[in-house]
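Here is a quick tour of a multi-chain model, taken one chain and one contact at a time. Have a look at the structure first, then read on.

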Amino acid sequence: MPRKEDRRLLRGEGIYFDDRGRGREGSYVHLVRSPYAHARIKSIDVSKAAALEGVYGTLTGGEVAALTDPYFQLQLPPSNEIKDYCMAVGVARYAGEPVAAVVARTRELARDAADLVEVEYEPLEANVDGRRALDPDAPVLHPDAGTNLVWEGSFDWGDVDGAFAAADRVLRIDELHFHRFSSTPIECCGAVVEYERATGQWHIYCNHQFPGMALVFMAPALRTSMDRLRFVSHDIGGGFGNKVIFHTYLLICCLLARKLDRPVHWTEWRTDNHMANTHGNERWFRDVEVAVQNDGTILAYRMKALDDCGAFPRYEPIGCVVWAQVTAGCYRIRNVHVDFTQVCTNKSPCGPNRGYSRLQHLWFVERMLDVVGHELGLDPIAIRKRNYVRPEEMPYETLNGCIYDSGDYPRALDIALELVDYDAWRARQTAEDGRLIGIGIGSTLDSGTNNFAQAQLVNAELPFSGNNEAATVKLDLMGEIVVTLGTAPQGQGHETTAAQVVADILGVTPDDVHVRPGHDSFFNNHVTFSGAYASQFAVTGLGAVKGAAERLASEISRLAAYLLQADPGEIVLEDGHARVAGDPERAVSLQWCAMKVNAAYADLPDELDDLTLNCRHVYRARFEPLDVSRAYGNLTLTYSTQIHVCVVAIDPRLGEVEILDYAVVDDCGVRVNPQIVEGQVHGATAHAIGAALHEAFIYDADGLLLTPNFDEYHAIRALDMPDLKVESIECPSPFTPLGAKGLGEGGGGGLHAVAAAIQDAVSRASDGIVTDSFNPPERVWRLLHAPGERPVRLVEPTPL
Amino acid sequence: MAEAGRRVQVRVEVNGRPHEADVEARRLLVFLLRDDLGLTGTHIGCDTGSCGACTVILDGRAVKSCMLLAAQADGCSLRTVESLAAEDGSLSPLQQAFHDEHALQCGYCTPGMLMSATYLLERNASPTDDDIKHSVQGNICRCTGYQNIFRAIRSAAEGMDA
Amino acid sequence: MLMPEIEYARPTTVDEALDLLATHDNARALAGGQTLINVLKLRLLGPERVVDITRIGELRGVRTLDDGSLEIGATTTYAELTEAVDVWAVRPIVAEVASIIADVQVRNRGTIDGNACLNLPTSHFPPVLVAVGAELTVAGAEGERIVPASEFFESPFTTAVRTGELLTRVRIPARRPGEADTFAAMAAGRESKSIVHVATSLRLDGAVAEASVVLGCVAPRPVRATAVEERLVGTQADEEAARDAVEGFGATLTPVSDVNASGDFKRHVAEVLVERAVLECAERARRGAGG
């Protein structure tokens, strides 16, 4: 079913934040940002800037420290002593961190004035290598905490020592590395913020994708109540987790709007976005050991994970545990030990970039499995099928208590292999032009609707648990059906799928259902976890919509039963009417029902007093309490699957990689809108291929970002994309209202498949091992010609 | 404008209507369109002329409006995404194809994509797959993975042949 | 994204343009703007006065001269080069290279003037113009002078065009019998910014009679691989000759390491690209395809 959103978007009539506030005198914010990755701010002099004609005012870190409280921290002591304000206070900790703000009549004037702000910096030593962050001589970013350690913990499930003792062989991998990149939505962040002096009310017109969370962080910092911060978003130009942690910038705007008593308009430009908004987490996997049987069965693994979250933990340290939703990936591994450490460095803060934390971990699991297979001389298909969770085991409880609701990985893999005609490619070792051919498989899970109780696994004091979303469905005064959502969609088609669900329940067509676009917290249908993120709309968002529509249907049925002198159980809703089943003449229109309740209710009996025809429902995902001490329990409600197969050709003399063939098979349970599902699969695959071959946030030793905009950061383009062959299977989830499983993040399957394909091709010519998630030509060339010491060894196990 | 000045008079025809504006010499065309003329369908997505979200058709050529000064459009005729739909608001065949093929998700790159595709189809009624990919090489999309965009343009081209 | 204050002028004759360029100490010609506007947005070393030369009639147009060579007006866009029958007929490499620069929108505005005069290391035309032996006409207060491509390019943003001067046209000699051109690149993504690229011209008369191998991206200005050229002359430019010609060549270069590749890797890439370009060029010459 084609999307409702499209009409306005195709005509250029979408309402993105920057499209608001037209035709009136504006005031525009420009931020002065630190050019240094680490520096003491000795003084800031805004006087020359403020004196420029057309400049309305300024803001500095000193004012911020006086007017706001630092954001609350989720970590344990001493790391929770980190003071995170919306602007640098006394010290700048990453290049691009805002240091001062200037507001002027035009954008260019604000920019010109920013050049007149005089900041005296004392550069400090910066650390941009997460592996150094805990060295005794490493510069400490947050003296209040006294350490660069953000969080550390150990996870231990099953009988790891026993499994290693029982293994036929043990494989050691020195280090695998998952690189820093992000989804870079085309629309950057921004806001138009107004403040009403009379009521202390802020109106924040922006493109934040997780308003519930923004409220929770901003209100205490601003020393105000949640309701005083009204979040309004309409159309959002892509999110992918990159529009979640910029509430820091929104706070700057709130302060300015209040200080200057003017609406302020802030736009982030591309370079600002790349330098100082959201990066995906960089993670190392070190001292990896895998206990294997000769037939390829993986009994256990242990490793040390090191995560670099940038200068401030803003969505962290939740990522230190979110990966545990997919501890064993698609596999039946029952014994795992992970020592997890998260550190801060003088780089941009990290946020929940598409695939958040599971992406990194799934890449590790898939790479590990692939390396094991290769070392044991096993076929990559055989080793996967040997270790996959089997369809007959679903729902499957993993080693740490997560429950994979449904899936058929072997069937999905078979279909994907067929789509690329695997056997034909296997028969060809090299292309006619001498390039090396490689085939790679990437099995991945897209876990959705997470249980926020997992926050307790990083800090037992945190009160969060479950996951929820709100929605309202009403019959308006003349019977129009209006839906409001708690989510803040950025292109996932929420208006369309919500309309479909409501139409089915109320017996109308989707065109009869008006879904209010965007999000407005004045509608009061938000809860703490409201937003569009983490592959969950099909479960939480649609669950809320379904619940609200069902409440409304029940009210309509009760009213119609009275009006038609029938039993509520006899009422059916169809064609815009409430009818007595089997007696179509006895019917009332939805329009009449609305009129009755709103304008002609006097004759209704007492028992119908509660009817409002304006129904709000909060969908709550059901989770059992977690066993925090064992880090055991269900962390996520649904698990979509994506199995990717990639065929590459590598130029052995230049290391250039071309994708010759590509297939994806996805399973997201019941597909509410198959076209939208396929679109998400395409998009997630593009992001993953882009990250695997083209996209990286790379810093120099001084902490300056070398890929600060699209001139340097090569986002994947039309000519880079292979033609995708996509098919779906449907294994409905037994746990969700519609049998649908959320999808959207995608699990990064392309990263796994491309790495595996490069490995396969490289293995024809050298013993190099792909140990990095990012493989530009030079790295591939080195794998072929100068791989260095092998980071992989098979050893005999040590008995207990 | 043989004299150098910090302000310029710009006369430009946009979507068939004449406009006149007195702007700073430094004003970019995209800001003229969005801020001065209220045509917010043309979007800004980057700061290096890389993403193509700002694509318009100027004197018959697809160009990135963030890479032109408004002054450079003086005396020119230009079309933005707002010119594509019919007077009664109904979608053009190309827009309809984008809708039918689900070639947009967040919609932010879409105006630029539509203008690049329009430029292609006005010059080439039978584009090859390679022509289609080249036509939007200057437009970055982060949502769709491009697949459905190619399909939509192909569908629109085939509709033109019919 | 936010431009600094500038003065804008749009002359209609070359003389007006020269005057505008000479009467401000920080003035620059603005043609397509596909590089210059970015430079201005970044508030690096941008001009304070831009002189829009795109409405000057005598700077436009492509034609074949009586001697068979190609004359290209400075403000000819890449798109116009790819659409010009004359270019394909006389020296197709110019159209080929123009057709892979960036994307459609850039090609509709970007000009050979901008590409030559801004002379970024990754600019496509400087090595091509050197390889084909182009001549660039520079107009100034004292009149016009012709500068061979080999002397035109100095460093990024600095060429033989001095303050108060203007590039007006480029003359590309026709291919002689047995002559062909080719262009090879390694880019960061298909048809994207080059990491290393090379323009090659060979004239075969049985064996290689003349060779011109010019690299971009590896130095502040295009680099002629004269040692490689000398080794090629007299050979059949076959696989063995090409391999021998490039041996040790990379070590003579000093490319800068950047986010896409280390200097060492660029040296290696340069050798491979040159080797392949020579082979392809020889093949074109033999086919009479001209390249």
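A word on terms before chain B: domain bounds here come from an automatic or database domain assignment. On that basis, chain B splits into domain 1 (7–83) and domain 2 (93–161). Keep in mind that this is a predicted model.

The centres of domain 1 of chain B and domain 2 of chain B, taken over C-alpha atoms, sit 22 Å apart. Domain 1 of chain B puts 13 residues into the contact, and domain 2 of chain B puts in twelve residues. On the domain 1 side, strand β3 (residues 55–58) of chain B supplies the largest share, three residues.

Now for chain A, which has 19 helices and 30 strands. Its C-alpha trace spans about 85 × 75 × 55 Å along the principal axes. Does that fit a compact globule or not? For 800 residues such a globule would have a radius of gyration near 28 Å, and chain A has 27 Å, so the two agree. Of the 800 residues of chain A, 62% count as buried. Among contacts in chain A between residues at least 6 apart in sequence, 80% join residues at least 24 apart.

Chain A also meets chain C: 20 residues of chain A are in contact with 16 residues of chain C. Helix α12 (residues 263–287) of chain C gives the largest share of the chain C side, three residues.

Here are the two described sides by residue class.

| Side | Nonpolar | Polar | Charged |
|---|---|---|---|
| Chain C, touching chain A | ten residues | four residues | two residues |
| Domain 1 of chain B, touching domain 2 of chain B | seven residues | six residues | no residues |

Note on methods:
Residues numbered from 1 in each chain as written. Chains lettered and ligands numbered in written order. Predicted model: local features only at pLDDT ≥ 70, side-chain atom pairs only at ≥ 80, totals over all residues. Contact = placed C-beta atoms within 7 Å. Helix = DSSP H or I, 4+ residues; strand = E, 2+ residues; numbered from the N terminus. Nonpolar A, V, L, I, M, F, W, Y, C, P; charged D, E, K, R; others polar. Rg over C-alpha atoms; globule rule 2.2 N^0.38 Å. Buried ≥ 20, exposed ≤ 12 C-beta atoms within 10 Å, placed from the backbone.
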